[in-house]
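Student: I have a structure open on my screen and would like to talk it through with you. Shall we go feature by feature?

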Amino acid sequence: MITLRNLRKLIRHLSHDPAEALWFIRCYRTWQRSAPDEWKADVNELRPILGDRKSSAGSARGHYFLQDIWAAQHVYKYQSTCHVDIASRLDGFVGHVVSFCPVEYVDIRPLDAQVPGLSWVSGTICELPYPDQSVSSLSCLHVIEHIGLGRYGDPIDPKSWKLALSELARVLAPGGQLLIGTPCGKSRTVFHAHRVFSPAQIIDALPELKLVEFSIIKDDSAVKWDPFSKIEDAQNLNYGCGLFRFTRNQLNSCIARL
């Protein structure tokens, strides 16, 4: 027999949409008549999930979803034996990459992970724990825009995003690949959530690296990225996502060491 508490919960679930409630009741009656005894549903275990049958198969849109796939595909194509990521999304990009490549995950905050192939390295993006030109496969996705705003406990510093980019450039090896994703559009600060950069600001801050790809996710509900976009395509966006792929030329690196 159904308890009063569960009856109230059931009524609350079903009262939002009478048509869906009737559909649920019909389904329940059909199930109870056809299911063997071991699978009959106890009346106290009813939990209506209304609306799923009319919704889409899932969400395959937005900055993080698309950015993480874009970057993971490039890491896969690069075929590195180890990838270094700086504080990107764990349950998206890092989770994708660690399925085919070991990942060293750098963050100032500790990471308690027991996933094979995933290791945590204590460090800050403004002082990366790697020697010069030592990392061949490197990423930093939706991170640069937060540096120096104090949101994550870091010091307030309007210039620290440039220091962060210079550190990424410093550790990138000759012939290596650096993947950056960050909000792009009309340059501004949304304090203290994030910055929005013009693409030129990112590119100009990395003069020793070569830009080999710039792509755009035009808004936060987009279902695709626009590959090999023009820089000016992002100028009038309010909050797009710029996807940058840089490399360090072998020749430039040799000249720098002379």
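Student: Which residues form a nonpolar patch on the surface?

Tutor: Keep in mind that this is a predicted model. The patch has about 270 Å² of accessible area, counted over its members together. Those members are L4, L7 and I11.

Student: Let me pick L7: is it buried, partly exposed or exposed?

Tutor: L7 is found in helix 1, which covers residues 4-14. Its relative accessible area is 34%. Buried would need under 20% and exposed over 50%, so L7 is partly exposed.

Student: Let's move to helix 4. Are its buried residues on the same side or on opposite sides of the helix?

Tutor: Helix 4 spans residues 90-97, and its buried residues are G92, F93, V94 and V97. Around the axis they cover an arc of only 150 degrees, so they lie on the same side.

Student: Which elements do those buried residues of helix 4 pack against?

Tutor: Contact here means heavy atoms within 4.5 Å. By that criterion, the buried residues of helix 4 pack against one helix and several strands. The partners are helix 3 (63-78), strand 1 (83-86), strand 2 (103-107), strand 3 (118-122) and strand 4 (135-141).

Student: Now the aromatics. Is the pair of W161 and F197 stacked, tilted or edge-to-face?

Tutor: The structure holds four aromatic pairs, so let's take this one by its geometry. The ring centres of W161 and F197 are 4.9 Å apart, and the planes meet at 50 degrees. Stacked needs under 30 degrees and edge-to-face over 60, so this pair is tilted.

Student: How many residues apart are W161 and F197 in the chain?

Tutor: W161 sits in helix 5 (residues 160-171). F197 belongs to the loop between strand 7 (194-196) and helix 6 (199-204). The pair links distant parts of the chain, with a separation of 36 residues.

Student: Are W161 and F197 buried or exposed?

Tutor: The cut-off for buried is under 20% relative accessible area. W161 has 9% and F197 has 2%, so W161 and F197 are buried.

Student: And where in the chain are F214 and F244, which form another tilted pair?

Tutor: Their rings are 5.0 Å centre to centre, with 45 degrees between the planes. F214 is buried at 4% relative accessible area, and F244 is buried at 0%. The two are 30 residues apart: F214 is in strand 8 (residues 210-217) and F244 in strand 9 (residues 240-247).

Student: Which residue joins F214 and F244 in one aromatic cluster?

Tutor: The cluster includes F214 and F244. Its remaining member is F246.

Note on methods. Residues numbered from 1 in each chain as written. Predicted model: local features only at pLDDT ≥ 70, side-chain atom pairs only at ≥ 80, totals over all residues. Heavy atoms only, no water. Patch = residues over 30% accessible without salt bridge, like charges linked within 9 Å, V, L, I, M, F, W, Y side chains within 5 Å. Areas by Shrake-Rupley, 256 points an atom, 1.4 Å probe, with all protein chains shown as cover. Salt bridge = Lys/Arg side-chain N within 4 Å of Asp/Glu carboxyl O. Helix = DSSP H or I, 4+ residues; strand = E, 2+ residues; numbered from the N terminus. Buried < 20%, exposed > 50% of the residue type's maximum accessible area, 1.4 Å probe, protein only. Arc of directions from axis to C-beta. Phe/Tyr/Trp six-rings, centres within 6.5 Å; stacked < 30°, edge-to-face > 60°.
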